Amino acid sequence: MGSSSSRLDRVPGAKDLMEETGFSETNILCLYDRFEVLDREERGYLRLEDFEAIQQLAVNPIGDRIIGAFVFPGRETLDFPSFVRVLAHFRPTDTTWSRSGSQPEPANSRTRKLRFAFSLYDQDGDGKISRAELTEMLQAMLGMQVTDEQLQSIVGRAIQEADLDRDGAISFDEFKKSVEKVDIDHKMSTRFLR
Amino acid sequence: MDALVLCLLLSAYPLGCPGLTPPAQLPQPHNLPPAPGSNGSHRSLSVDLPMALRVFSVDYHHVQAPFEIVLWIMLASLAKLGFHWSGRVPAVVPESCLLIMVGLLVGGVIYGVRHSAPPTLSAEAFFLFLLPPIVLDAGYFLPGRLFFENLGTILWYAVLGTLWNVLGIGVSLYGVCLLAHSSLGDVSLLHCLLFGSLIAAVDPVAVLSVFQEMHVNEQLHILVFGESLLNDAVTVVLYKLFESFLRLPSVSGLDVLLGGCRVVVVGLGGLFVGLFFGLVAALTSRFTSRAQVIAPLFVFLYSYLSYLTSEMLHLSGIMAIVTCAVTMKQYVEANVSERSNTSIQYFLKMWSSVSETLIFIFLGVSTIQDVHMWSWPFVCSTLLLCLVWRATGVLLLTAVVNKLRRNAVTFRDQFIIAYGGLRGAICFSLVFLIDDFPKKRLFITTTIVVILFTVFVQGMTIKPLVELLDVKRKKRALPTVSEEIHSRLIDHLLAGIEDVVGYWGQHYWKDKFEQFNKKYLRRFLIREERQARSSILRVYQELERREQRGDEEAPPLVDPRSNSRPLLPEEMDSIRRILSRNLHNFNKRQTPAYSRHTLHQDATMDRTRKPLHRHQSLGDRYTYNTITHWPQVEDVEFNGSHKLRAGLSRSHTVCSISPRHVLQDTSAPVSTAQTAPADPRSSSATADQVSPQHQTPGGRGPKKQLSFDLESEKK
């Protein structure tokens with residue numbers, strides 16, 4: 001690890017990224033290595049096919065949505081800084097950051113994490129999880145084990161529990177409220193270590 | 001109730017117990033001069049008839065052994081009944097204390113009446129008969145996911161913590177002995193280390209019995225409990241090590257090194273023995289469909305066999321039996337009938353309860369000894385050192401381990417871990433096994449004092465202290481449906497992100513194991529199960545029934561009425577059951593902490609969950625099971641384009657699986673993957689989804705179920 005500084009030079013904009021996202025040097029280097037592995041054709045950016053080539057992602061029930069968080073219509077190519085910015089949401093939460101500070105909210109704060117999760121549900125981006133979107137998500141996760149009736153009843157219950165203003169859809173604040181007992185900081189973090 | 005107990009006590013007085021060290025023989029009542037024709041050596045009371053024929057005779061000798069055993073067990077069980085009858089007492093005083101007090105009482109009575117020491121608990125009886133049921137019960141109901149998540153920390157505490165305690169206590173006791181040279185001069189360092197090794201071990205029995213009455217959060221519970229289970233390997237090895245050192249003329253560095261290797265061998269050896277027997281038991285249970293009544297027996301036989309085998313090989317018996325139980329549980333539950341499952345669970349609870357009660361009573365009884373050797377400095381310093389070393393050990397280890405854990409072990413948790421390190425019957429038995437030497441009596445006395453102190457003082461005060469420190473209590477509220485859905489989503493999300501990053505996070509190994517499990521183990525060890533169909537049917541009918549109670553029409557679509565209808569707990573239960581059954585089992589938060597006395601409701605829910613898992617195997621050829629991430633691809637046609645596979649992997653069929661599918665669609669695997677669009681169309685398909693489930697295979701039911709509609713999923 002002695003030559004890490006010279007290795008860091010390979011990574012474009014590494015210092016700014018580290019500052020912006022809070023990743024350490026090791027993390028940036030690891031992520032860059034991974035980026036290069038994914039970018040098999042060495043284009044310098046990632047595309048949809050590169051993500052689809054990740055085998056495990058293909059069988060993940062929400063794999064396509066996860067990919068969609070990286071690469072979507074409007075951003076078909078993904079360069080390294082954007083890659084890192086998306087992944088910054090999954091850093092373990094810094095306990096020292098306080099809301100009142102002048103710095104912008106870091107990507108791995110609880111609210112930002114929840115927003116990321118919310119965006120997986122909310123495919124049309126209207127800021128609400130409609131019944132249809134929730135149904136789709138549940139179908140993806142439950143697969144074929146439940147009948148449609150069961151599915152509908154589950155979706156109904158979920159909306160009933162969360163929907164406080166009775167508009168038939170779940171807004172972001174309602175979503176936040178419904179998971180307030182879940183330890184998001186723990187669940188939505190992964191250690192970027194090798 | 002008390003009168004009954006008293007009668008038993010009085011009747012217990014002439015009795016010893018064959019499993020215990022036999023007391024002095026009572027003088028037998030003299031026989032009458034043997035009548036002609038009667039057998040002179042046959043000692044029995046008889047009616048004073050001159051003739052040979054005896055109308056009424058009592059032959060106690062004939063049944064002595066089982067009779068006495070049964071009476072002791074009866075005493076233990078009645079005592080237990082008695083405690084729970086009075087509601088307030090168990091809340092304040094843990095059951096273990098009460099049982100020890102009963103034991104003390106019985107021991108005192110026996111001593112007073114017979115003027116000699118009452119029977120003591122023999123180490124053999126303890127290790128061979130009393131300990132295995134408890135550990136088996138603990139292993140069978142072990143919350144697996146939680147245990148393995150915290151395994152690193154548990155091992156850290158168990159191995160290093162025990163080592164720290166043993167060496168610390170041993171060396172400092174030796175220091176004390178040197179200081180009090182006059183009275184304790186002949187206790188050598190090795191003796192002190194030996195004593196340290198047996199007194200340092202936290203006892204699972206005692207810990208369980210106290211902790212279950214407190215409801216601490218699951219993580220803390222599993223840490224202390226797991227540690228007490230796993231430190232058996234270290235304790236036993238160190239104990240035997242020091243004992244063999246005592247017999248050796250001299251101890252070299254090589255011996256110490258070999259000792260270290262032995263720890264690893266003992267631990268891993270026990271593990272493998274347990275694994276082996278667990279898998280064999282699972283395999284055996286696969287074939288029990290014709291003789292379901294004896295199916296539970298195999299669980300007990302194989303577990304006990306694993307225990308005995310590892311004891312025979314001088315490996316860790318506790319580790320073997322726990323591993324065996326954990327291994328075979330999921331396969332056995334899937335293979336045997338529901339009644340057998342219930343029997344297994346109830347028998348486990350019953351045996352472990354009886355065992356635990358007996359252990360504590362005998363601890364009390366054995367305390368009344370003829371010869372106690374007391375030494376103030378030794379006893380007091382042992383007590384003090386136990387507490388001090390444990391506290392410092394926990395503090396130090398936690399400081400290190402917190403850096404590596406995501407969920408830090410808080411200071412309050414650390415206090416509970418340190419304070420909850422109770423000693424119990426294992427120490428007691430081990431101290432009796434020491435080779436005789438002048439100060440053995442002192443060791444025995446000290447051990448008894450330490451056990452009584454930890455169980456009484458620490459056991460009774462831990463609950464108030466917990467309340468004082470406000471340990472994060474186990475959340476009693478069940479998660480809502482939304483919480484569960486979102487949690488699962490986040491789990492899937494994290495698994496995906498970790499795949500993107502290429503990081504072998506905790507999900508990776510779990511998924512890998514699940515894949516291996518699914519592909520090989522389950523196929524091999526679990527038989528085709530008919531029950532699955534009926535359980536889907538059952539759940540669905542239940543759900544349907546409940547909804548028909550509230551609504552007039554069956555399918556609950558977007559229904560304004562549903563908003564106003566309050567959530568019935570049974571509805572929530574069935575929904576939760578469905579969710580937890582079908583979503584990837586990342587998080588079984590509903591699993592309650594281990595409880596000695598009751599089978600929680602969720603234990604039965606586990607059972608209904610399992611058949612559905614297996615039922616997947618019927619549809620495996622066609623579907624991508626979301627239970628594991630792994631496609632069970634068997635048809636070559638599936639190796640089509642990536643996109644198509646991706647589309648299929650997220651396919652969702654509307655109907656549930658039934659054997660019919662297997663027969664119908666062999667020619668068109670792709671078509672079974674249906675995509676069900678959102679609500680509007682589904683209402684038409686919902687109508688008769690359930691009824692064909694139990695139809696015989698071969699008949700094509702209502703075609704509505706199979707809407708062959710393969711849409712592209714790309715948005």
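What follows is a walk through two chains, starting with helices in chain B and ending with salt bridges in chain A. The model is predicted, so local features need pLDDT of at least 70 and side-chain atom pairs count only at pLDDT 80 or more, while totals for chains, interfaces and linings use all residues. Residues are numbered from 1 along each chain as its sequence is written, chains are lettered from A in the order in which they are written, and side-chain values use heavy atoms, with hydrogens and water left out.

Let's begin with H11(B), residues 218-247 (helices are DSSP runs of H or I, at least four residues, and strands are runs of E, at least two, numbered from the N terminus). Its 30 residues should span 44 Å at 1.5 Å a residue, and the end C-alpha atoms are indeed 44 Å apart; the expected span is 1.5 Å times one less than the number of residues. There's still a kink of about 35° centred on Asn231(B), where the bend is the angle between axes fitted to the seven residues ending at a residue and the seven starting there. Of the 30 residues in H11(B), 25 are buried (under 20% relative accessible area; exposed is over 50%, partly exposed in between, with a 1.4 Å probe and protein chains only).

Helix H2 of chain B, residues 60-85, has a kink too, about 45° and centred on Pro66(B). Its buried residues include Trp72(B), Phe83(B) and two with charged names, Glu68(B) and Lys80(B).

Further along chain B, Thr367(B) sits in helix H15, residues 338-367. Thr367(B) counts as buried because its relative accessibility is 14%. Leaving out residues up to four places away in sequence, Thr367(B) touches Leu104(B), His372(B), Ile448(B) and Leu452(B), a contact being heavy atoms within 4.5 Å.

Now for the charged pairs. Side chains of opposite charge can pair when their charged atoms come close. With a salt bridge taken as a Lys or Arg side-chain nitrogen within 4 Å of an Asp or Glu carboxyl oxygen, the count is ten over all chains.

In chain A, Glu136(A) meets Arg65(A) at 3.8 Å, N to O. This pair links helix H9 (residues 131-142) to helix H6 (residues 63-70), 71 residues apart. Arg65(A) is buried at 7%, whereas Glu136(A) is partly exposed at 34%.

Asp167(A) and Lys128(A) form another bridge, with closest N and O atoms 2.9 Å apart. Asp167(A) lies in the loop between helix H10 and strand S2 and Lys128(A) in strand S1, so the pair ties together parts 39 residues apart in sequence.
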